[in-house]
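Grab the sequence and the 3D view, and let's work through a few exercises together. Try each task yourself before reading its solution.

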Amino acid sequence: MATIRHIDRPSAKDYLTPEQAATFLGVRPGSIRTYLYKNELTTYKFHTTTLLSVKELRRWKRSRSYRRNGKAQEHALREI
């Protein structure tokens with residue numbers, strides 16, 4: 001089961017929703033939920049909102065070699 005950490009004041013530049021994380025990694029939102037369930041990524045909770053750490057996503061992306069259209073992914077992150 002997923003590791004869950006509760007946060008009090010998330011910063012918009014440090015955390016993404018699962019949908020935003022999917023765009024950043026170039027995968028479907030369902031894949032993000034699977035990664036969270038398999039404990040491959042940490043779940044952060046702000047009240048009832050699920051968030052993912054941008055720092056962890058970048059590290060995970062490098063370790064998984066997600067290089068598909070890297071410029072578009074970085075651009076998507078800047079728009080969030």
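Before we start: this is a predicted model, where local features need pLDDT of at least 70, side-chain atom pairs count only at pLDDT 80 or more, and totals for chains, interfaces and linings use all residues. Residues are numbered from 1 along each chain as its sequence is written, and side-chain values use heavy atoms, with hydrogens and water left out.

**Exercise 1. Get your bearings**

Work out how many helices and strands the chain has, and in what pattern they follow each other.

Step 1. Helices (H or I, at least four residues) and strands (E, at least two) are DSSP runs, numbered from the N terminus. The tally is four helices and four strands.

Step 2. Walk along the sequence and you'll read β-β-α-α-β-β-α-α.

Step 3. Now check the surface. Buried means under 20% relative accessible area, exposed over 50%, and partly exposed in between (1.4 Å probe, protein chains only). With that rule, 34% of the 80 residues are buried.

**Exercise 2. Put the sheet together**

Find the order of the strands in the sheet, and say which ones stand at the edges.

Step 1. Two strands pair if DSSP finds at least two bridges between them. Strand β2 (residues 15-16) and β4 run antiparallel and are joined by two bridges; here Leu-16 has Leu-52 as its bridge partner.

Step 2. Next come β3 and β4, also antiparallel, with three bridges. Phe-46 is partnered by Thr-49 of β4.

Step 3. Put together, the four strands make an open sheet in the order β1-β3-β4-β2, with mixed pairing. β1 (4-6) and β2 are at the edges with a single partner strand each, so one side of each has no neighbour in the sheet.

**Exercise 3. Hunt for unusual backbone angles**

Look at Asn-39 and His-47: what is the sign of phi in each?

Step 1. Here's the background: most residues other than glycine have a negative phi.

Step 2. Asn-39 goes the other way, with a positive phi near 65°. You'll find Asn-39 in the loop between α2 (29-37) and β3 (43-46), and it is partly exposed at 38% relative accessible area. Its C-alpha is 6.1 Å from that of Thr-3, although the two are 36 residues apart in sequence.

Step 3. His-47 also has a positive phi, about 55°. It sits in the turn of the hairpin that β3 and β4 form, with two residues between the strands. At 65% relative accessible area, His-47 is exposed.

**Exercise 4. Explore the core**

Which residues of the largest nonpolar core touch the most other members, and which helix gives the most to this core?

Step 1. A nonpolar core is a set of buried Ala, Val, Leu, Ile, Met, Phe, Trp, Tyr and Cys residues joined through side-chain atoms within 4.5 Å. The largest one has 14 residues, and Leu-25, Val-27, Ile-32, Tyr-35, Leu-41, Leu-52 and Leu-57 touch the most other members.

Step 2. At least two residues come from each of α1 (18-25), α2 and α3 (54-64). The top contributor is α1, with four residues.

Step 3. Zoom in on Leu-52, taking contact as heavy atoms within 4.5 Å. Leaving aside neighbours within four places in sequence, its contacts include Tyr-15, Ala-21, Ile-32, Leu-41 and Leu-57.

**Exercise 5. Check the rings**

Describe how Tyr-35 and Trp-60 pair, and find what sits over the ring of Phe-24.

Step 1. Rings of Phe, Tyr and Trp (its six-membered ring) pair if their centres lie within 6.5 Å; planes under 30 degrees apart count as stacked, over 60 as edge-to-face and the rest as tilted. The count is two aromatic pairs.

Step 2. Tyr-35 and Trp-60 make a tilted pair, 4.5 Å centre to centre with 45° between the planes. Tyr-35 is in helix α2 and Trp-60 in helix α3, 25 residues apart, and both are buried.

Step 3. A charge sits over a ring if NZ of Lys or CZ of Arg is within 6 Å of the ring centre and within 35 degrees of the ring normal. Over Phe-24 you'll find the charged end of Lys-61, 4.3 Å from the ring centre.
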